[in-house]
Amino acid sequence: MLVDSHCHLDFDAFDGDRAEVLERASAAGVGRVVTICTRLTEFERVRALARDHRAVDCSVGIHPHNVEDEGTAETARLVALAAEPEVVGIGETGLDFYYDHSPREDQRASFRNHIAAARETGLPLIVHTRDADDETAAILSEEMGEGAFPGVIHCFSAGPALAETAIELGLYISFSGIVTFRKSDELRGIAAEVPLDRMLVETDAPYLAPVPRRGKRNEPAFVAHTAAAIAQIKGIDVDAISQQTTDNFFRLFRKSAFRAGL
C-alpha cells in the first residue's frame, strides 16, 4: 500500500475524470489520499470529496499564496473546522517568498495561526516553504518552544539546513516527483540522509508529475514513481519504502488511521 499524502483533487484539472483518477490510484496500490485545502472559501468543496470517497481525507487551511485574498484565518476557526471527521491535518500553510503573492507579514501571521491550531488540535501541520528556508526554520523552532505540535514539510525542495532543523524538531519530510527530476541531485542527496522513519511521499497533483510522466498532469497513482525513486536512492526494495512511508503517514496522521479503521 502507498499513500499520496498531499494532492489537490478539488482543482479544476480533475473536473473531467475525478472518479477515474481515484480508480487508477486504487489500481496502482494507493490506498489513501489526502486532498489539501488552500482556501477556506473552498473548504466545503474539499471536504465533500473526502466525505464522498472512503479512501480520501482532507485538510483545512489557507495557502500562503492566498492569504491576501482569504485573510490570515483565526486559529479558533481553523480549530472548529478541524473537528469535522474528514479533516486530518492543518494547512497547507507556510511562507512563499519566491512568488510573494501575499504580503510577507500576512504570511507570517497566517503561518503562526495555523501552528496554534495544530498545537491545539494535535493534527499535523502541513508546511509549504519556498525561498524562505531560514525564516521557516526560525518560526518553526520558536513556535515549537511554545509547545509541541506534529507536522510535515510537504513537497520538500529546500536545502539541507531546513531538513536538519525539521528532523530535530520532530517533523516529517515529504518528497514529491521533484526528486525524480534530472537536475535534482542536491534533493536526492538530502533524501539519502533523511531517516527512513521520517519520510512521506506525495504527488502535489495536478502539479510536478514525476519521471516518466513529467510534463503530464500529475495524479495520485503516480506517487508510485516517486516511491520507486526513493527506494533507489536508499538502496532498498520499493515494497519496503511503500510500507515504511505508509506506516510513517499513519503515525503522523492519526486521524486518518482512525478513519481507515487501523
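This is a short chat about the helices, spaces, cysteines and backbone of one predicted model.

Me: What kind of model is this, and what pLDDT do local features need?
Reply: It is a predicted model: local features need pLDDT of at least 70, side-chain atom pairs count only at pLDDT 80 or more, and totals for chains, interfaces and linings use all residues. Residues are numbered from 1 along each chain as its sequence is written, and side-chain values use heavy atoms, with hydrogens and water left out.

Me: Let's start with helix α1. Which of its residues are buried?
Reply: Arg-18, Val-21, Leu-22 and Ala-25 are buried in α1, which spans residues 18-27. Buried means under 20% relative accessible area, exposed means over 50%, and partly exposed is in between, with a 1.4 Å probe and protein chains only. Helices (H or I, at least four residues) and strands (E, at least two) are DSSP runs, numbered from the N terminus.

Me: Why are they on the same side of α1?
Reply: They cover an arc of only 95° around the axis, so they sit on the same side of α1. The arc is that of the directions from the helix axis to the C-beta atoms.

Me: What does the face turned away carry?
Reply: That face of α1 carries the exposed residues Glu-23, Ser-26 and Ala-27.

Me: And what covers the buried residues of α1?
Reply: The cover includes β2 (30-35), α2 and β3. Contact means heavy atoms within 4.5 Å. After α1 comes Gly-29, with a positive phi near 90°.

Me: Now α4. Which residues are buried there?
Reply: In α4 (residues 75-82), they are Thr-75, Leu-78, Val-79, Leu-81 and Ala-82. Seen down the axis of α4, they fall within an arc of 165°, so they line one face of the helix. Their cover includes α2 (43-52), β3 (56-60), β4 (87-96), α5 (104-121) and α11 (254-259).

Me: Switching to empty space. How is it found?
Reply: Rolling a probe the size of a water molecule over the atoms shows where empty space is left. The work is done on a 1 Å grid over the protein atoms alone. A cavity is a set of points where a 1.4 Å probe fits but cannot get out. A pocket is an open set with protein on both sides within 12 Å along at least five of seven lines. Lining residues have an atom within 4 Å of a point. Grid points are joined across faces, edges and corners, and a volume is the space filled by probe spheres set on the points.

Me: How much space lies in the largest pocket?
Reply: About 650 Å³. It is lined by 24 residues, and the closest to its centre are His-65, Asp-96, His-128, Arg-130 and Asp-204.

Me: Which element gives the largest share of that lining?
Reply: β5 does, with three residues. The elements that give two or more residues to it are β4 and β5 (125-130). The lining of this pocket divides into eight nonpolar, nine polar and seven charged residues. Ala, Val, Leu, Ile, Met, Phe, Trp, Tyr, Cys and Pro count as nonpolar, Asp, Glu, Lys and Arg as charged, and the others, Gly among them, as polar.

Me: How many cavities of 30 Å³ or more are there?
Reply: The structure holds one. About 50 Å³ of space lies in the largest cavity. Its lining includes His-6, His-154, Glu-202 and Phe-253. The lining of this cavity divides into five nonpolar, four polar and one charged.

Me: How many disulfides?
Reply: Zero. A disulfide is a pair of cysteine sulfur atoms within 2.5 Å.

Me: Why does Cys-7 have no bond to Cys-58?
Reply: Because their sulfurs are 11 Å apart, too far for a bond, and Cys-58 has the cysteine sulfur closest to that of Cys-7. Cys-37 is in no disulfide either; its nearest cysteine sulfur, that of Cys-58, is 7.5 Å away.

Me: Is Cys-37 buried or exposed?
Reply: Cys-37 is buried, with a relative accessible area of 0%. Cys-7 is buried too, at 0% relative accessibility.

Me: Last topic, the backbone. Where is a peptide bond cis?
Reply: One cis bond joins Ala-205 and Pro-206, with omega about 15°. The bond from Val-211 to Pro-212 is cis as well, with omega near 15°. Pro-206 lies in the loop between β8 (199-201) and α9 (223-234). Pro-212 lies in the loop between β8 and α9.

Me: What is the phi of Leu-208?
Reply: It is positive, about 60°, although Leu-208 is not a glycine. Most residues other than glycine have a negative phi, and most peptide bonds are trans. Leu-208 is partly exposed, at 29% relative accessibility.
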